[in-house]
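Got your viewer open and a surface representation ready? Load the model below and we'll walk through it, from the whole chain down to a few charged pairs.

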Amino acid sequence: MLSLLVGLGSGFAAVLLESGITFIQSFVFPIINKGGFSWAAILFPAFGMLMALLITKYLVRDNISHGVTKVLFAVSRNESRIKPHNMWSSLVTSALTIGFGGSVGAEAPIVYTGAAIGSNIGRRFKLSYRGITILVGCGAAGAIAGIFKAPLAGILFTLEILLFNVSMSSMMPLLLTTLTATVISYLFTGSATPFSCTLAPFNMANMPFYLVLGVFCGFASLYFTRMTLWMEDRFSRHRSPWIRWALCSVGLGLCIFLFPPLYGEGYNFLGSLLNGQPWNFDGESPLAGILHNAWGVPFFVLLVLMVKVVSMTLTNSGGGVGGTFGPTLFVGALTGFVISRTIGLLGLPLPEQNFVLVGMAGLMAGVMQAPMTAIFLIAEVTGGYDLLLPLILCSAVSFGVTRIWEKYSIYSKRIANSGDLLTHDSDQAVLTLLHLQDLVSDKYPHVLITQTLADIFPSIMGSTVAIFPVLEEDGRFAGILEMDEIRKHILDTAGADSISVRELMRPAPFVVGENEKMESVMRKFDNTDAWRLPVLDSDQKYIGFISRSRILMAYRRELKKISED
């Protein structure tokens, strides 16, 4: 029943986002589309980014960019809890960003919105972690299904990217949510597919060329992922959001000035490619003259392909709110066009629309590392099931090529590097859910390194523990003192004054940092026979001990929590 409610919420959210973008564009496009170059096409995106920045900084007061990554982090490290404002904040800010021409996609913000709806409904009804997580997945799946009218792709997106441990019985909520969201989308936006296209009949003789496209998509995916993350890291060094906005506004304006297809999502240009319609940019771009040369056409599109990644990153880094989902489709389509047009110019004409469509799936499979989602999303949103074989081949090859050099998707790379990513490896997933701070215990009497055995007798005689932390005068950890070592001298009361703690203690085999990930802690336990390891803060001061037994009990408890239906 709750999954139906989540489906209604995510479906209406998708409709509202599309309607909001369309409403803003209804005022913007008549100003821009007057023929020839328009300064408004350069200035409007900066205005949209500024509006989004003001809302996030002064009203929301939270970072809401990179929606899919934020959902992954919530599932991994925040018990699937997403703040209530995310049910509307991403929707409003992304509508402003994209409506005014930001070069990003609406799909990641709507995924964040749908996931937030699922999370907050689950919390409202006091569900368990697993129950809330399932509803988070339902919300994300419903959002994809609603915005693309693709229920199967919504489910596959959740299974491949978001949820690491979904049983068959959990499929029912996902099915109900995507069905509900898709019906809502059809009722309010009509039955037209998001990308109408004119396709040529499938020809088996072209399969080798689809293989070539898959390889090219793999390398394009590597460029897309690494260029995006590299640029974001560089811009993040500018702490002032206003400096970032100014720099990114100028950069984005220059990109649009040179390459008009980079304005907004770029779906109009994408529609021209999918339907084989003529296009030119005479009077709109100083580079339009390149298009008058046959070989200049694929070269120009290749430049658009490469600069799209830059314009997308500038939009997000400058305060705009949008995702990489839409730009991935755009770049994939351009990749397919470049390959097919180039081969055609070499004397082997190919159906360019087919390659444009298959390229969309190929790049999605590489960038998101979700080949099943790519295959069925493109088939659903374009009605291109006749091209299922090339879709499978191109997606599989692109995914394989990308994985040779890049283990993680653009969504998961950063949280994987920080050790916060849940994976389909159940053991690693459970360890990711464990928090070191919850497992540290300080029931052990403290011993100073300057003390003697006689000094510590009063504090240790009533203790039941077998190990004691040895500390410096300032609280820094010095080593450990074991009860077995003390027992050797316990009857020698006369000589206890002459036996120092420094003589009896030994160094710890390993120490654990207070913010260390559990996977790293377990590796340290695996490399030693110790049952307990000391936990220290950044100043090497003692916090407590973490034990194998406490980890085992917590591991079993967490495993039961995520496995039960």
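Start with the surface: the protein exposes about 23800 Å², and carbon and sulfur atoms supply 61% of that area. Accessible areas here come from the Shrake-Rupley method with a 1.4 Å probe, and for residues only the protein chains shown count as cover. Before you click further, note that this is a predicted model, where local features need pLDDT of at least 70, side-chain atom pairs count only at pLDDT 80 or more, and totals for chains, interfaces and linings use all residues. Residues are numbered from 1 along each chain as its sequence is written, and side-chain values use heavy atoms, with hydrogens and water left out.

Now switch to the C-alpha trace. Along its principal axes it spans about 100 × 50 × 50 Å. Turn on cartoons and you'll find 24 helices and six strands (DSSP runs numbered from the N terminus: H or I of at least four residues for helices, E of at least two for strands).

Next, colour by burial. Of the 565 residues, 57% are buried (under 20% relative accessible area; exposed is over 50%, partly exposed in between, with a 1.4 Å probe and protein chains only). For a contact map, take heavy atoms within 4.5 Å as a contact: among contacts with a separation of 6 or more, 75% are between residues 24 or more positions apart.

Time to select the charges. There are 40 positive and 39 negative side chains, counting Lys and Arg as positive and Asp and Glu as negative, without His or the chain ends. The centres of the two sets lie 5 Å apart, with each charge placed at NZ of Lys, CZ of Arg, CG of Asp or CD of Glu.

How many salt bridges does the structure hold? Seven, where a salt bridge is a side-chain nitrogen of Lys or Arg within 4 Å of a carboxyl oxygen of Asp or Glu.

Three stops among them:

- Select Lys-83 and Asp-62, a salt bridge at 3.6 Å, N to O. The pair sits 21 residues apart and links distant parts of the chain: Lys-83 is in the loop between helix H3 (67–77) and helix H4 (89–99), Asp-62 in the loop between helix H2 (40–60) and H3. Lys-83 is partly exposed at 45% relative accessible area, and Asp-62 is partly exposed at 23%.
- Move to Lys-413 and Glu-406, bridged at 2.8 Å, N to O. Glu-406 is buried, at 4%. Add Arg-226 to the selection: bridges with shared partners join Arg-226, Glu-406 and Lys-413 into one network.
- Finish at Lys-524 and Glu-516, with the closest N and O atoms 3.0 Å apart. Both Lys-524 and Glu-516 are buried.
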